[in-house]
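These are my notes from working through one model, starting with the surface and the chain as a whole and then moving to pairs of strands and single residues.

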Amino acid sequence: MALKPTIFKMNINVSNLDQDVYETIPLTIAQHPSETTERMVTRILAFVLNNQEFLSFTKGLSEADDPDIWAKNYSDEFLLWVDVGEPGFERIKKACRQAKSVKIYTFNTKSNVWWKQSLKDFSKINAQVYQFDFEQIQSFASLVERTMDFSITLTDNVFYIAADKGSCEVNLTTLKGE
């Protein structure tokens, strides 16, 4: 019998001071049985950072050809492709042909090695690459509950996160911007 995903329900009060965006985002997110909490919270931060019309989580790990997050308009046109982790170059090259914007959010202990090995290839394509600090992602993951309300204040590429179980900061570094 296959394992089922764990469902999390969240209300996130977002204050993005850099873009003058203040809103509450209700999220229901499924954590794949093989997905770590750290990867899931990275998907949440990527969602908050890219929040726009048509944005949604995909089947992610359950569907190998799909990104983790996408924005597709009514014409089924890819507006945004978001991958979390360390995707292969060919996958992102293909995504760049399909989507208007492609973003990668890397977060774990092997991120630096992956980026050093990928830098030459990724410099040839129009994809943006960002890195979260893994220890800070772990701190955020420790705050997660199945049902929760929390707030995120974003300014100067730093997420200030406050939840019932505590608070933390998560820094975002741009490895390759627009």
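**Surface and charge.** I began with the exposed area of this predicted model: the protein chain exposes about 9400 Å², and carbon and sulfur atoms supply 46% of that area. I then looked up the charged side chains and found 19 positive and 24 negative ones in the protein chain, with the centres of the two sets lying 9 Å apart. For burial, I noted that 48% of the 178 residues of the protein chain count as buried.

**Overall fold.** I listed the secondary structure next, which comes to four helices and 10 strands in the protein chain. Reading along the sequence, I wrote the pattern down as β-β-α-β-β-β-α-β-α-β-α-β-β-β. The radius of gyration of the protein chain is 16 Å, close to the 16 Å that the globule rule gives for 178 residues, so I recorded the chain as being as compact as a globular protein of that length. Along the principal axes, the C-alpha atoms of the protein chain fill a box of roughly 45 × 40 × 35 Å. I also looked at how far along the sequence the contacts reach: among those between residues at least 6 apart in sequence, 50% join residues at least 24 apart.

**Strands β1, β8 and β9.** I asked myself in which sense β1 and β8 pair. Strand β1, which covers residues 6-16, and strand β8, which covers residues 147-155, pair in the parallel sense over eight bridges, and within this pairing I found V14 standing opposite I152 in β8. On going from β8 to strand β9 (residues 158-163), I found an antiparallel arrangement joined by five bridges, in which T155 has V158 in β9 as its bridge partner.

**The turn between β8 and β9.** Strands β8 and β9 form a hairpin with two residues between them, and I checked both D156 and N157 in this loop. D156 has a positive phi of about 50° although it is not a glycine, and phi of N157, likewise a residue other than glycine, is positive and near 60°. I then asked how exposed D156 is. At 64% relative accessibility D156 counts as exposed, since the cut-off for that class is over 50%, whereas N157, at 35%, counts as partly exposed.

**Strands β3, β4 and β5.** I turned to strand β3 (residues 55-57), which runs antiparallel to strand β4 (residues 69-72) and is joined to it by three bridges; here the bridge partner of F57 in β4 is I69. Strand β4 also pairs with strand β5 (residues 78-84), in the antiparallel sense and over four bridges, and I noted A71 standing opposite L80 in β5. Strands β4 and β5 form a hairpin with five residues between them, and D76 in the turn has a positive phi of about 65°.

**R43 in helix α1.** I looked up R43, whose place is in helix α1 (residues 37-49), and asked whether this residue is buried or exposed. At 5% relative accessibility, R43 counts as buried, because the cut-off for burial is under 20%. Leaving aside neighbours within four places in sequence, I found R43 in contact with I29, A30, Q31, E35, F57, D68, I69 and V84. Two of these contacts, F57 and I69, are the bridge partners I had noted between β3 and β4. I also took the separation of R43 from D76, and their C-alpha atoms are separated by 22 Å, with their positions 33 residues apart along the chain counted as the sequence distance.

**Q136 and Q138 in helix α4.** Finally, I compared two glutamines in helix α4, which covers residues 134-141 and holds Q136 as well as Q138. Q136, at 17% relative accessibility, counts as buried, while Q138 is partly exposed, with a relative accessible area of 34%. Which residues does Q136 touch, not counting those up to four places away in sequence? I found E169, V170 and N171. For Q138 I noted a C-alpha to C-alpha distance of 9.7 Å to F107, which is 31 residues apart from Q138 in sequence.

Notes
Residues numbered from 1 in each chain as written. Predicted model: local features only at pLDDT ≥ 70, side-chain atom pairs only at ≥ 80, totals over all residues. Heavy atoms only, no water. Rg over C-alpha atoms; globule rule 2.2 N^0.38 Å. Buried < 20%, exposed > 50% of the residue type's maximum accessible area, 1.4 Å probe, protein only. Contact = heavy atoms within 4.5 Å. Areas by Shrake-Rupley, 256 points an atom, 1.4 Å probe, with all protein chains shown as cover. Lys, Arg positive; Asp, Glu negative; His and termini not counted. Charge placed at Lys NZ, Arg CZ, Asp CG, Glu CD. Pairing = 2+ DSSP bridges.
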